[in-house]
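Here is a note on the structure, set out as numbered points. Please read it with the sequence and the model open side by side.

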Amino acid sequence: MLRRQEKCLFSAGTKEHVMVTKYERQLERAAVAKRMKGRADEVHAVAVRVPFWQVDNTGEEIMMRDTDGHPLITFHGVYAPDMAKWLSLLGRTAGMALADLIRAASGSAEEVPGRDAALRLLREMRLEEKPTRYRR
């Protein structure tokens, strides 16, 4: 029988038991929190370098222009309106707010609201590797 502070894990692809203590889980959460904060800094660094833009759909093509009117992106194809809308949702200030949200969810406590969702987001953004070992 396992002590209360230990958790039994199965190694990927084997039937071998791995004992993980409460302290080891705390160390792992702290390492993940540190990586998440670093990734949040990366997202913020990209967001602050992106110019403010606006969608220009007055002509035959849908374009994104910076605030001085210079073209940034021209959209083509059937998905052009949706892509323009999507990028409008993910503007400069939204990127900075997203970085703040990731940082807020990066705590190392046992339960941090939004941490799993923020980690999933970082994985989908390809800023964090997908796990190779799964706990049971």
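The points below go from the overall fold to the cores, a pocket and a few single residues.

1. Status and fold. The model is predicted. Its secondary structure consists of four helices and five strands. Read from the N terminus, the order of elements is β-β-α-β-β-β-α-α-α. The protein therefore has α1 after two strands, and the remaining helices come after three further strands.

2. Burial and surface. The protein has 136 residues, and 24% of them count as buried. Its accessible surface is about 10100 Å², with 55% of that belonging to carbon and sulfur atoms. Among contacts with a separation of 6 or more, 41% are between residues 24 or more positions apart.

3. The largest nonpolar core. Which residues make up the largest nonpolar core? There are ten: V32, M36, A40, V43, A99, I102, A105, A118, L119 and L122. Helices α1, α3 and α4 are the elements that give two or more residues to this core. The largest share, four residues, comes from α1. In soluble globular proteins, nonpolar side chains tend to be buried together.

4. A40 within that core. Apart from neighbours within four places in sequence, A40 is in contact with A99, I102 and R103. Of these partners, A99 and I102 are also listed in the largest nonpolar core. A second core, separate from the largest, has five residues, including I62, M64, F75 and A80.

5. L119. This residue is in helix α4 and is a member of the largest nonpolar core. L119 counts as buried because its relative accessibility is 9%, and the cut-off for buried is under 20%. With residues up to four places away in sequence left out, L119 touches V32, M36 and E128. V32 and M36 are core residues as well. The C-alpha atoms of L119 and I102 lie 8.1 Å apart, with their positions 17 residues apart along the chain.

6. S106. Is S106 buried or exposed? It counts as buried, because its relative accessibility is 1%. S106 is in the loop between α3 (92–104) and α4 (115–124). Leaving out residues up to four places away in sequence, S106 touches A33, M36 and K37. M36 belongs to the largest nonpolar core and is also touched by L119.

7. K34. K34 is in helix α1. Its relative accessibility is 66%, so K34 counts as exposed; the cut-off for exposed is over 50%. K34 and S108 are 74 residues apart in sequence, and their C-alpha atoms are 8.5 Å apart in space.

8. The second largest pocket. The volume of this pocket is about 330 Å³. It is lined by 14 residues, of which L90, G91, G95, L98 and M125 are the closest to its centre. Helices α1 (22–49), α2 (80–89) and α3 each supply at least two residues of the lining. The most comes from α3, with four residues. By class, the lining has eleven nonpolar, two polar and one charged residues. Helices α1 and α3 thus appear both in this lining and among the elements that give two or more residues to the largest nonpolar core.

9. R126. R126 is in the segment after α4. What is the phi of R126? It is near 65°, a positive value in a residue other than glycine. R126 counts as exposed because its relative accessibility is 76%.

10. K130. Like R126, K130 is in the segment after α4. At 53% relative accessibility, K130 counts as exposed, since exposed means over 50%. Not counting residues up to four places away in sequence, K130 touches R123 and E124. The C-alpha atoms of K130 and L119 are separated by 9.3 Å, and the two residues are eleven apart along the chain. L119 itself counts as buried, whereas K130 counts as exposed.

Notes:
Residues are numbered from 1 along each chain as its sequence is written. This is a predicted model: local features need pLDDT of at least 70, side-chain atom pairs count only at pLDDT 80 or more; totals for chains, interfaces and linings use all residues. Side-chain values use heavy atoms; hydrogens and water are left out. Buried means under 20% relative accessible area, exposed over 50%, partly exposed in between (1.4 Å probe, protein chains only). Contact means heavy atoms within 4.5 Å. Accessible areas come from the Shrake-Rupley method with a 1.4 Å probe; for residues, only the protein chains shown count as cover. On a 1 Å grid over the protein atoms alone, a cavity is a set of points where a 1.4 Å probe fits but cannot get out, and a pocket is an open set with protein on both sides within 12 Å along at least five of seven lines; lining residues have an atom within 4 Å of a point. Grid points are joined across faces, edges and corners, and a volume is the space filled by probe spheres set on the points. Ala, Val, Leu, Ile, Met, Phe, Trp, Tyr, Cys and Pro count as nonpolar, Asp, Glu, Lys and Arg as charged, and the others, Gly among them, as polar. A nonpolar core is a set of buried Ala, Val, Leu, Ile, Met, Phe, Trp, Tyr and Cys residues joined through side-chain atoms within 4.5 Å.
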